[in-house]
Amino acid sequence: MSSRPPATYLSKAQQVAQELLIRIVDAKIEPGQTFGTEAELLQQFDVSRPTLREGIRILEAQGVLEQRPGPGGGLVIRRPSLDMLARNLSIFLRFNDVPYVTVLQAREVIEPALAAEAAEHGTDDDFREMAESIERMKTQDDSDQAAFIAENRVFHNIVARASGNKVLETFWGTISLLAHGELHGVRYTSGNRKYVIAAHQKILNACRRRNSRAAARAMVEHVGDLEQLVRDHYKHLLGQQMSVAGHRVN
């Protein structure tokens with residue numbers, strides 16, 4: 001008979017981390033505020049100091065807590081970042097042999113849904129920001145890849161935020177950090193840039209008309225272009241396994 005514990009088994013440290021997280025959420029503590037000290041928590045939990053510290057380290061690794069030393073220090077609440085979520089997802093994908101093209105295809109499902117919701121729920125300010133992003137792209141130096149990549153991301157971030165769907169926005173933010181071609185050496189020619197600008201304008205026009213179907217179709221075409229670009233010029237990337245994300249793409 002196997003002595004392996006059931007899949008739902010939690011170690012004592014994991015139980016401590018889970019209970020700490022519940023307390024943090026229930027107390028509605030804002031990022032930057034102090035949750036308590038290690039000494040105070042030892043009085044509240046019937047566990048050893050090493051077990052408590054391991055529980056705290058779990059939440060530190062998840063980006064929830066940070067230990068601040070010195071007078072007035074203690075356990076400070078943090079807001080988990082998309083970078084950390086993307087890194088954890090990339091590790092999972094890497095160990096499950098998920099290729100780059102599969103992540104691209106996930107983006108092709110998420111972003112049209114975001115565009116459709118942006119057309120329904122976006123504000124005039126959101127649409128103004130999209131237009132400003134498009135204008136900045138038009139005036140950029142063709143040789144500046146970094147500026148173009150950054151502005152491209154700005155536009156897609158605005159669409160995601162305008163959707164009002166925080167779950168899909170989070171999925172987009174995470175997937176986009178892994179799926180963007182620049183992580184893998186994909187570059188945009190002058191012709192690619194003009195095509196991207198035209199695609200962004202088409203998405204914006206549909207959003208302004210409050211036409212969710214047209215916005216989704218425009219986004220389907222747009223995000224499909226990256227996969228086509230990879231298939232045409234970077235075919236070696238299609239089956240490439242995901243690398244572990246170690247930095248943020250701006």
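Modeller: Accessible areas come from the Shrake-Rupley method with a 1.4 Å probe, and for residues only the protein chains shown count as cover. This is a predicted model, in which local features need pLDDT of at least 70 and side-chain atom pairs count only at pLDDT 80 or more, while totals for chains, interfaces and linings use all residues. Residues are numbered from 1 along each chain as its sequence is written, and side-chain values use heavy atoms, with hydrogens and water left out.

Colleague: What percentage of the area that the protein exposes is supplied by carbon and sulfur atoms?

Modeller: The protein has 250 residues, of which 43% count as buried (under 20% relative accessible area; exposed is over 50%, partly exposed in between). The area exposed by the protein comes to about 13,800 Å², and the share of this area from carbon and sulfur atoms is 52%.

Colleague: Which pattern does the protein follow when read along the sequence?

Modeller: There are 10 helices and 3 strands in the protein, taken as DSSP runs (H or I, at least four residues, for helices; E, at least two, for strands) and numbered from the N terminus. Along the sequence, these elements give the pattern α-β-α-α-β-β-α-α-α-α-α-α-α.

Colleague: Which helix gives the largest share of the largest nonpolar core?

Modeller: This core, a set of buried Ala, Val, Leu, Ile, Met, Phe, Trp, Tyr and Cys residues joined through side-chain atoms within 4.5 Å, has 31 members, and Met130, Val159, Cys207 and Leu226 touch the most others. Two or more residues come from each of H5 (100-121), H6 (124-138), H7 (145-162), H9 (190-208) and H10 (212-233). The largest share, 8 residues, is given by H10.

Colleague: How many residues are in the second, separate core?

Modeller: Ile29, Phe45, Val64 and Ile77 are among the members of this second core, which is separate, and its residues number 16.
Its counterpart, the largest nonpolar core, has 31.

Colleague: Is Ala119 buried or exposed?

Modeller: Ala119 lies in helix H5 and, leaving aside neighbours within four places in sequence, is in contact (heavy atoms within 4.5 Å) with Ala206, Cys207, Arg210, Asn211, Ser212 and Ala215. Because its relative accessibility is 0%, Ala119 counts as buried.

Colleague: How far apart in space are Ala119 and Ala206, C-alpha to C-alpha?

Modeller: Among the contacts in the protein with a separation of 6 or more, 74% join residues 24 or more positions apart. Cys207, with the same neighbours left aside, is in contact with Ala115, Ala118, Ala119, Phe127 and Ala215. Ala119 and Ala206 are 87 residues apart in sequence, and their C-alpha to C-alpha distance is 6.9 Å.

How values were computed: Buried means under 20% relative accessible area, exposed over 50%, partly exposed in between (1.4 Å probe, protein chains only).
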